[in-house]
Structures are given as C-alpha cells and as structure tokens.
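Me: Please give me a close look at a single part of this model: the packing of its interior. I would like one connected account, with the cut-offs stated.

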Amino acid sequence: KPETSIEAKRTVTVPCRLGLHLRVAALVVTMARKFQSDIQFCSNRLCVSAKSILGMLELSAVRGKRLSLVARGPDAQRAVQVLAELFESKGVLCKEDLVAEEVTDGHA
C-alpha cells in the first residue's frame, strides 16, 4: 500500500458542557489544519471536514455525543492521536465550563 492510503480511526466524546460550539470548533480546526491528511468527524450519517469550522458546527454535537474521527493520508495516525488527545484534555478544550459553573453557582 502506498503511504497516502494510511487510515486511522478513533471514537471521541464531546466533553464540554456547552457542546461543540464556535471556540471549541475553532481550536479543533486549527489543530486539524496542521496535518496533511484528510480528516473527518462523523456523527450518524453526517461526515464533515475537521478543517472546516462551518462543518464542525454543522455536527451540532452536544456534551457526551460520540463522534467518529477518521483520517486518511501520510500523517493520519498522528492526526487522530493528537485530535483525540485534544478531546480527552477537557481543561484545554472546555475553558467555558469553569465560567459556566461559577455563573450557575452564583445564581442558584
């Protein structure tokens, strides 16, 4: 098999309380664009480019939603590893969660 046909897959879960909103999508897209591979996130039958902010927002992924992460290309395995780690590092991806908890606690 030629190197460009390398494929890597992983399932990730949206960890953020506010789901996959604009700031989170922008962070994922910025990271995805560092790789040469074609990278997609799939939810049900919808697959979108991980390099497109509008595509990522189109997923309308709420907290706890499981997404399939698929990459094809020369750096597919590394791309999947890095992006999956991003979803697993809640502190990096979900900065709004701390603010949201403070607001909720303040008005309870």
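Reply: What follows goes from the chain as a whole to the interior packing, and then to some residues at its edge.

This is a predicted model, in which local features need pLDDT of at least 70 and side-chain atom pairs count only at pLDDT 80 or more, while totals for chains, interfaces and linings use all residues. Residues are numbered from 1 along each chain as its sequence is written, and side-chain values use heavy atoms, with hydrogens and water left out.

The protein chain has five helices and four strands. Both kinds of element are DSSP runs numbered from the N terminus, helices being H or I over at least four residues and strands being E over at least two. Read from the N terminus, the order is β-α-β-β-α-β-α-α-α. Of the 108 residues in the protein chain, 39% are buried. Buried means under 20% relative accessible area, exposed means over 50%, and partly exposed is in between, with a 1.4 Å probe and protein chains only. Among contacts in the protein chain with a separation of 6 or more, 73% come from residues 24 or more positions apart; contact means heavy atoms within 4.5 Å.

The largest nonpolar core has 31 residues. A nonpolar core is a set of buried Ala, Val, Leu, Ile, Met, Phe, Trp, Tyr and Cys residues joined through side-chain atoms within 4.5 Å. Strand E1 (7-13), H1, strand E2 (38-43), strand E4 (66-72) and H3 each supply at least two residues of this core. H3 gives the most, with eight residues. The residues with the most contacts inside the core are Ile39, Phe41, Met56, Leu67 and Phe87. In soluble globular proteins, nonpolar side chains tend to be buried together.

Next comes the pairing of H1 with H3. Two packed helices are described by the angle between their axes and the distance between the axes. The axes of H1 (residues 22-32) and H3 (residues 76-88) come within 10 Å and cross at roughly 160°. Axes here are lines fitted to C-alpha atoms, for helices over the stretch in contact, with angles from 0 to 180 degrees between N-to-C directions. H1 and H3 are therefore roughly antiparallel to each other. On this scale, angles under 35 degrees are roughly parallel, over 145 roughly antiparallel, 65 to 115 roughly perpendicular, and the rest oblique. The crossing of H1 past H3 is right-handed; a crossing is right-handed if the near helix is turned clockwise from the far one by less than a right angle, and left-handed if anticlockwise. H1 makes this contact with Leu27, Val28, Met31 and Ala32, and H3 with Val82, Leu83, Leu86 and Phe87. By class, the contact has eight nonpolar, no polar and no charged residues. Nonpolar covers Ala, Val, Leu, Ile, Met, Phe, Trp, Tyr, Cys and Pro, charged covers Asp, Glu, Lys and Arg, and the others, Gly among them, are polar.

Met56 and Ala50 add further contacts to H1. Leaving aside neighbours within four places in sequence, Met56 is in contact with Leu20, Ala25, Val28, Val29, Phe41, Val48, Ser49 and Ala50. Ala50 lies in the loop between E3 and H2 and is buried, at 0% relative accessible area. With the same exclusion of neighbours within four places, Ala50 is in contact with Val28, Val29, Ala32, Ile39, Gln40, Phe41 and Met56. Ala50 and Ala32 are 18 residues apart in sequence, with their C-alpha atoms 6.0 Å apart.

Ala26, in helix H1, is partly exposed at 25% relative accessibility. Its C-alpha is 8.6 Å from that of Ser52, 26 residues away in sequence.

Ser43 belongs to strand E2 and counts as buried at 7% relative accessibility. Residues up to four places away not counted, Ser43 touches Leu59, Lys65 and Leu67. Asn44 lies in the loop between E2 and strand E3 (46-49) and is exposed, at 73% relative accessibility. Phi of Asn44 is near 55°, a positive value in a residue other than glycine. Ser60, in the loop between helix H2 (53-58) and E4, has a positive phi of about 45° although it is not a glycine. Ser60 is exposed, with a relative accessible area of 56%.
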